[in-house]
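Trainee: Before we discuss this protein, could you show me the structure, so that I can ask how each term is justified?

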Amino acid sequence: MTKLVVLKFGKGSFETGFPITLEIGEENSRPQSEVISELPPNIELLLNFNRWQAIYRNLDFSARPIGLPKPTTEISEVEECVQAAKQLSDCLNYWLQSESFRPIREKWLEKLLTSDVIRVILQTQDYQLQRLPWHLWELVERYPNAEIGFSTPTYEQVCLPSSKPTATVKILALIGDSTGIDTLADRAHLEQLPNAKIDFLVEPARKDLTDNLWQQNWDILFFAGHSSTQGAGETGQIYINQTESLTISQLKYALKQAVERGLKLAIFNSCDGLGLAREFATLQIPQLIVMREPVPDSVAQTFLKYFLEAYALGKSLYLAVRQARERLQGLEGQFPCATWLPVIYQNPAEVPPSWQDMIVGEGGDNLIFHPSPNTRLQNFKTKVKNSKLNFSRLICASLAITGLIMGMRYGGMLQSMELQAFDQLIRLRPDEKPDSRLLVVTITEEDVQSQSQQERRGSLSDKSLLKLLEKLQSYQPKVIGLDIYRDYAVRQDLPALAALMQGKGTTSKADLIAVCQVSDNHSRRPGIPPPPEIPQERLSFSDIAVDPDNIVRRHLLALTPEPSSPCKASYALSVQLALRYLATRNISLEFTSDGAWKLGKTFFKPLEAHTSGYQSIDASGHQIMLNYRAHRSLQEFVPQTTLTEVLAGRVELSAVKDRIVLIGTVAESFQDYSSTPYFTNEGAIQKIPGVILQAQMISQLLSAALDGRPLLWTWCVWHSSIWVWGWSLTGSLLAWYIRRLLYLGIATGVAIGSLYGICFVILVQWGGWIPLVPCAIALIGSSSIIACVKKNYLVRKLRVFL
């Protein structure tokens, strides 16, 4: 049998003391014992409370209640709050051990056993008394089945109408303004209740709330959101939506009607609720649970979870509150005094109903809820089924987002961003060793000016070219490439140069490969004819593939010239030189059944119009990605010398012998420069001479065939789509399971960092250019959309979770 203990505080104050009457009896019967005593004045207790409250309200909680003044001092420390709480607890117990209070203490110990189930009601109108942490009274702590509630001295019993038989507890759940807090967890805990019919009102208008209170019978009224106590603790205010707030008096008639129609319990899982409780008391509501101070989000959710579990499983209201309150101790390392917050406010004329008391079966019999193993198994299966359903819907949502992003990508909307991201990854790669298989002979501005202006056409006169070729041939290179346009014949007085270019009498000499430019009707480029002396088999084109932003990222290997083109070369200069060099290593060009090239063990799969970040590009001919080699800079990756140095004999034999020699102009006056993905030290786009660009391309072919250096490769559309979908699903799962926006932002940032790292490692180690920008958009887009759906659409429109 439950014991009922009532402590009636008479009119008094902390300056004068309080007269007290103790009544002890059985539940639903008259008191069996009564004793009168008093508590002495204690201003220090009030000061200690005010100090603790000021420190507590200045803690750095994740969510603050609307309506309380913002802290104007520095944020309090947890340890400071713990120390203030201990001082307050010590002061309270010292007060309760006063000699004048001793008769009440002795009567309590005489009449009550520690095994008794005890409801303790502190009946007082004094707001300051109600704010004290009475649960810390060492006498109450001795009794594990005792819990304290508050009431006012004025009350009356409510005559409830006879209710029709029902097998469910009817709950009106009001979800108010949830700015800065997470009310989804409250909703989830309510939905797990057995034998309950719950109507949710999410941020309702005032009229919708009053209509629901008037028109139906409710057993429990639940509120989650923001609330505050106003004035001297006489009024409370709840924020029902983002624009409206109401006091209890503004809902007086609707709430009074709800009480008269059977409302038994109200739970305000919100901040600073004592004002609500004191104002509710005038409406004679049987039971009320509030939070006495500002409550952190996780504390409110954890209390509700444990209280509902204990209450629905058969514990009395008071013991369910005590158990749930004490279980909050696990949070006090982060949220000090969490166990102080839940408070019961009681109409002494009413006996708190149990969960079973509110469930009336057919014929008026009470239905006792004792979940059987089968029921628990069924509940578990339901949760698993719901989890699978949620996961399935997240998969569908992520697939839809992936489809949208891949459609945008296919339409070219992401190409610019993808190429910029690719450039950034390329620039971050570590330096590589220089390629010593090549030598570039550069024609500088000084070399150009040192030649006879009457004899020179372009950057290199016939006499200088003859001397250069004779000098180089004496050093026995493997092959020589002339990256200079010569659309005119050799002078008649230099037959030796014509013979060298024609290859007559030079069977032991290195082949000379010359260049021309293929015409292009689309860009109205007429093309440039080749040197007349060079036979077709030693001709090559110097055309390059330039992206829309004028940056060279692709390597054009071969093409089919138009019939009207003055240049009939089918292979690029880099290919002609590399093939002749590789032929000395017994490596020749092979073709696979699908048209791909093969050099040694390396396959050269051509680019298509839609390749990775490229969309709708001109992929005519045979193109691959250009895998630049950098050694301190793009230009320093290959040995170089100047025309003047070669002609003066200042070049060692070993620098030329058995190498590919490439001749080209670097003089700025000829403007033969191309933009690259790299930046200069000043942050500008780095441009390199055309001859150095050709050397980069030659080095790529040689390194792939001889050294196993990876070519840049990409995934097909399906592989890319699966990869993007995986990150879209990751974003959806993060948003679904992480409730706090701050934590979601951190997790999303970590995921993006991981994505970037994975893409960089794959590019550096294996040469793979895999989707980065689409995945980042999918990740952020999915997490944002799912978070918004979960916060707004689900809460406002649906009665169940996705």
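Trainee: What makes L662 the bridge partner of V440?

Mentor: V440 has L662 in β25 as its bridge partner, and strands β15 (residues 438-443) and β25 (residues 660-665) run parallel over six bridges. Strands are DSSP runs of E with at least two residues, numbered from the N terminus, and two of them pair if DSSP finds at least two bridges between them, so six bridges satisfy the rule. This is a predicted model, in which local features need pLDDT of at least 70, side-chain atom pairs count only at pLDDT 80 or more, and totals for chains, interfaces and linings use all residues. Residues are numbered from 1 along each chain as its sequence is written, and side-chain values use heavy atoms, leaving out hydrogens and water.

Trainee: Why is G481 called buried or exposed?

Mentor: Buried means under 20% relative accessible area, exposed over 50%, and partly exposed in between (1.4 Å probe, protein chains only); G481 has 0% relative accessibility and therefore counts as buried. G481 lies in strand β16 (residues 479-483) and touches residues including L662, where contact means heavy atoms within 4.5 Å.

Trainee: How do you know that R709 and E432 form a salt bridge?

Mentor: The term requires a side-chain nitrogen of Lys or Arg within 4 Å of a carboxyl oxygen of Asp or Glu, and the side chains of R709 and E432 meet at 2.8 Å, N to O, so the pair qualifies. At 11% relative accessibility R709 counts as buried, whereas E432, at 24%, is partly exposed.

Terms used. Helices (H or I, at least four residues) and strands (E, at least two) are DSSP runs, numbered from the N terminus. Lists of a residue's contacts leave out its neighbours within four places in sequence.
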